[in-house]
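User: I'd like to go through an interface with you and hear the reasoning behind each label. Can we start once the structure is up?

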Amino acid sequence: MNESTMELSKLLPIIAPFFVIQLILVIVALVALAKTGRTRGPKWLWVLLIVFVNIIGPVLFFVIGRRND
Amino acid sequence: MSALLKAEQLTKAFGSTQAVADISFDIAPGRCTALLGPNGAGKTTTIRMLAGLLQPTGGKLSYAGLKPGQSPNSLLGYLPQSPSFYGWMTGREYAVYAGRLCGLSAAEAKSQADSLLERVGLSAAAKRPISGYSGGMKQRLGLAQALVHRPRLLILDEPVSALDPLGRHEVLMLLRELKQETTVLFSTHVLHDAEQLCDDVIIIRNGEMALQGSLEEIRNNHRMSVITLHTEGDIRSMQWCMAYQSGAYVKELRRIEKGMELVVTDMELARGELLRQLAKDEIRVTKLEFGHSTLEELFMKVVSE
Amino acid sequence: MSQWTIIWRKELLELARSYKLLWLPLVFLLLGVSQPIMTYFLPDILANAGNLPEGTVIEMPKPQGGEVLAQTLQQYGMIGSLIVALGFMGAVSGERSSGAASMILVKPVSRAAYLLAKWTAMLALVWGSLAVGYLGAWYYTSLLIGEVDAIRAIQALLVFALWLSVIGTLTIAASVWLRSGAAAAFSALGLALLLSLTASFLPRALAWSPGQLPGLASGFLLESMPEAAGMIIAAGAVLTAAVLYAAVWRMRRMELP
């Protein structure tokens with residue numbers, strides 16, 4: 001157990017960018033959500049989806065979340 | 001003066017439904033024409049054909065002064081009933097984009113857009129996204145983008161019918177100015193708007209031509225003399241009205257509350273005759289009017305026939 | 001400046017304002033990067049999953065770099081095409097049903113230019129996103145798994161870009177033909193699926209089918225190329241051109257609200 005944790009900490013630089021990109025995607029989606037006028041369904045639900053559902057949450061929001069005027 | 005736009009036997013059928021049938025008219029340069037008719041008469045279909053959005057199933061449209069290879073659309077400015085823009089663009093971006101699409105240079109498009117937005121009163125909102133505009137603002141932006149390439153013919157579909165009274169007033173004032181500068185064709189189901197602005201009217205009904213001509217001409221040709229009589233409504237007066245024998249000069253007799261209305265062919269004869277009888281029988285007249293039929297009445301008659 | 005360029009710039013601006021210019025490349029990048037990372041950590045993940053007696057040695061063949069890149073392309077073939085179809089399903093039908101297209105097309109604008117500007121903007125974004133994601137995958141693969149032959153990797157990328165172009169073109173054409181965006185995405189994906197299914201069931205009879213494109217792309221990486229490579233690529237290009245031509249043809253005759 002100890003060994004693999006050590007190994008993971010060595011490899012953190014490798015997986016860190018992956019999480020950073022995910023974070024950027026979440027932030028972009030949240031900014032878009034804040035700026036958009038009307039959404040399909042309540043906004044708070046979208047916040048939960050975007051933050052807690054990896055990748056698919058933000059993508060769903062971008063594809064079907066916004067109503068265009 | 002030759003026609004700017006000539007429509008000959010314009011016809012449009014959707015499947016087996018004939019939306020517009022055999023309509024012919026000319027739009028003379030410099031005139032303001034109203035395409036008038038009740039809802040569902042085929043106004044929008046006609047306008048969409050003129051704008052090139054629909055292909056006529058029959059008939060012909062020809063524009064004067066078109067250079068070979070030039071698209072008729074370069075002569076036209078068009079504003080649909082409820083214009084739809086790109087909500088993510090600002091008003092100014094849209095007006096500039098419209099200008100560039102019509103072949104203006106970047107500098108020209110910008111200066112045209114700015115002066116037109118100023119003119120339609122959108123300068124303050126020019127840098128806001130269109131998604132936040134009200135109906136009246138959209139209509140005014142629609143006018144600005146339709147005018148950006150200085151079209152020779154401005155085609156408007158029900159430009160004021162979706163607006164509140166204030167927006168309506170604003171757009172009508174703008175149109176009054178614009179008709180000094182370019183040829184205007186607009187559709188409406190409100191006669192009053194047509195009367196206020198137009199030189200010519202084309203009245204259609206059930207997709208067919210009902211009446212067309214200049215407003216003056218129509219007013220004169222179809223003007224009828226009308227006598228309206230109101231009494232106090234007492235029994236004797238009412239009985240007199242009921243028993244009234246119309247002479248040969250009366251074309252139409254309508255009973256109205258406490259009186260009657262006569263459409264007559266010879267006003268002088270009718271006036272003398274009626275006054276004598278009223279005096280002789282001592283009818284209690286409250287109001288007696290010798291006048292003419294209004295355009296509204298003509299419109300109602302033409303449209304409901 | 002030509003009309004096409006003006007519309008094209010508007011399309012790019014729209015892609016930027018609707019955040020497509022950001023989220024599409026980001027999602028492709030995430031998909032691309034996750035494949036080599038997952039592959040690399042798989043033995044560790046299995047080892048930590050528990051239920052294994054002390055001292056168990058997991059024997060797993062260490063995959064080649066090319067294999068991992070080919071798996072990434074497989075991901076793009078499924079999720080990537082879904083995203084392309086969903087991202088562009090309303091390209092024409094949305095503007096048409098809102099009436100925005102009528103406002104533009106009554107101007108002296110060629111309908112072909114209008115459609116081609118949309119199409120090229122779509123291509124630019126799809127190719128860009130694919131390239132970004134694929135480069136990320138390639139970088140991680142050579143870092144964690146092993147080197148991949150550069151020429152082969154680039155050949156695979158180009159062939160796969162053609163396959164995504166076929167899907168994007170089908171989507172835009174469907175959005176010209178159909179009124180609903182969802183129907184457009186559904187039919188474009190359905191047609192793409194039909195192409196690749198028929199190609200894999202009838203590899204001989206349909207050796208040149210554009211449905212072989214994803215297989216060809218992986219083939220470059222796995223060094224098991226189908227023989228008809230040139231034919232497949234040509235068929236893909238011809239199909240794209242034909243679908244685009246049909247869309248322009250329809251666009252020219254379309255009646256607008």
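Analyst: Sure. Going by this predicted model, chain B and chain C bury about 2,400 Å² between them, and carbon and sulfur atoms give 61% of that area. On the chain B side, Leu53(B), Trp88(B) and Leu101(B) lose the most area to chain C, together 30% of what that side buries.

User: What makes residues of chain B and chain C count as in contact, and how many are there?

Analyst: The cut-off is heavy atoms within 4.5 Å. By that rule, 27 residues of chain B touch 25 residues of chain C.

User: Why is the pairing of Glu93(B) and Arg17(C) called a salt bridge?

Analyst: The rule wants a side-chain nitrogen of Lys or Arg within 4 Å of a carboxyl oxygen of Asp or Glu. Here the side chains of Glu93(B) and Arg17(C) meet at 2.8 Å, N to O, so the pair qualifies. Across this interface the rule finds two salt bridges.

User: Which elements of chain B give two or more residues to the side that touches chain C?

Analyst: Those are β1 (5-14) and α2 (91-101) of chain B. α2(B) gives the most, with six residues. The residues on that side of chain B divide into 16 nonpolar, seven polar and four charged.

User: How many residue pairs are in polar contact between chain B and chain C?

Analyst: The count is 13, with both residues at pLDDT 80 or more.

User: And in chain A, where is confidence lowest and where is it highest?

Analyst: Helix α1 (residues 2-35) of chain A is lowest, at a mean of 81, and helix α2 (residues 43-52) of chain A is highest, at 93. The mean pLDDT of chain A is 84.

Conventions. Residues are numbered from 1 along each chain as its sequence is written. Chains are lettered from A and ligands numbered from 1 in the order in which they are written. This is a predicted model: local features need pLDDT of at least 70, side-chain atom pairs count only at pLDDT 80 or more; totals for chains, interfaces and linings use all residues. Side-chain values use heavy atoms; hydrogens and water are left out. pLDDT is the predictor's confidence in each residue, from 0 to 100. Helices (H or I, at least four residues) and strands (E, at least two) are DSSP runs, numbered from the N terminus. Buried area is the accessible area (1.4 Å probe) that two parts lose on being put together, summed over both. A polar contact is a pair of N or O atoms within 3.5 Å; within protein, one must be able to donate a hydrogen and the other to accept it, and residues adjacent in sequence count only if both atoms are side-chain atoms. Ala, Val, Leu, Ile, Met, Phe, Trp, Tyr, Cys and Pro count as nonpolar, Asp, Glu, Lys and Arg as charged, and the others, Gly among them, as polar.
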